[in-house]
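Trainee: Could you take me through the aromatic rings of this structure, one step at a time?

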Amino acid sequence: MKVLVAGATGALGKELVPRLVNAGHEVFAMIRSESNKARAAQLGAVPIIADALDRAQVEAAVRQAAPEVIVNQLTAIGHVDTRHFDRSFAATNRLRIEGTDNLLAAARATGVRRFVAQSNGAFTYTRTGGPVKTEQDPLDRAPIGQMAPMIAAIEHLEKAVLGATWTEGIVLRYGAFYGPGTSMAPGSEQLEMIRKRKFPVVGDGGGVWSFVHIADAAEATVAAVENRGCGVYNIVDDDPAPVAEWLPELAAMLGAKKPVRVPRFIGRLAAGQAGVVLMTELRGASNAKAKRELGWRPTHPTWRQGLQVMS
């Protein structure tokens, strides 16, 4: 099949494009600048330059590629400052709203039969009820102010993709990425903070995280491209875990001392209210539906295994 990947040179795109090529697909990479052309070509894709926020450019790119499937991996997430969470996600929120709308409009105009989009299942579920959520559970209906724009952008993307009755819309709610090119990669700032005991457990550390290795996320995306059907899927590993469990274990893997514990009010001063939410109130996610309907199984079924190899 012809597949157009928007965001092809990001952390996930760099894992996804070669897998699509190896599976026999003809892959086109929608990139923003000339500087990424060589990188896209090295991955095995045909580069097409277009600004995702320019509807005319996006439609021209889609017409040039004439894909059967579009994969939307548009993000602009750099260092996340939890004290200014809204600022850290502002550019990505815009891409998830305007970029998604532009891609969908181009897809409709050119008859694209399948549209796969990146969503977030790591930080977005309602913070009430049980510790592990399924795709039937709602996203956070009462997010704190700094996280509200991110939740709103995710909801916009999901409603737009799933509401596009003229194509097969698939939304992938990825867990927290780790592995090459992510914020949890060997030598990354986040792991170095843990190594240096600058990443404390806040409060009871009861926030439940669902992780996914970046390579497993890419494999799930290939499955979504190749399998028929519509809907939303959690793409996470088998082992959702509270911060109080995974953070000390990861510190031990890195050869560091146990993280310090600080009360919530100290955590709020250091990491903002968003940091406290991430540490104490998050809910994890179940991957049962993705396993059942996409036929996907994570190669790294637990973060323990994946992070141990990486450390």
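What follows is a short exchange about ring pairs, burial and a charge over a ring.

Mentor: This is a predicted model, in which local features need pLDDT of at least 70 and side-chain atom pairs count only at pLDDT 80 or more, while totals for chains, interfaces and linings use all residues. Residues are numbered from 1 along each chain as its sequence is written, and side-chain values use heavy atoms, with hydrogens and water left out.

Trainee: How many aromatic pairs are there?

Mentor: Rings of Phe, Tyr and Trp (its six-membered ring) pair if their centres lie within 6.5 Å, and planes under 30 degrees apart count as stacked, over 60 as edge-to-face and the rest as tilted. By this rule, the count is eight.

Trainee: Why is the pair of Trp-209 and Trp-246 stacked, edge-to-face or tilted?

Mentor: The ring centres of Trp-209 and Trp-246 lie 5.0 Å apart. Their planes stand at 55 degrees, so the pair is tilted.

Trainee: Is Trp-246 buried or exposed?

Mentor: Buried means under 20% relative accessible area, exposed over 50%, and partly exposed in between (1.4 Å probe, protein chains only). Because Trp-246 has 0% relative accessibility, it counts as buried.

Trainee: Which ring has the charged end of Lys-289 over it?

Mentor: A charge sits over a ring if NZ of Lys or CZ of Arg is within 6 Å of the ring centre and within 35 degrees of the ring normal. The charged end of Lys-289 is 4.8 Å from the centre of the ring in question, which belongs to Tyr-233.

Trainee: Which residues do ring pairs link into a cluster?

Mentor: Trp-209 and Trp-246 belong to this cluster. Its full list is Phe-123, Tyr-178, Trp-209, Phe-211, Trp-246 and Trp-303.
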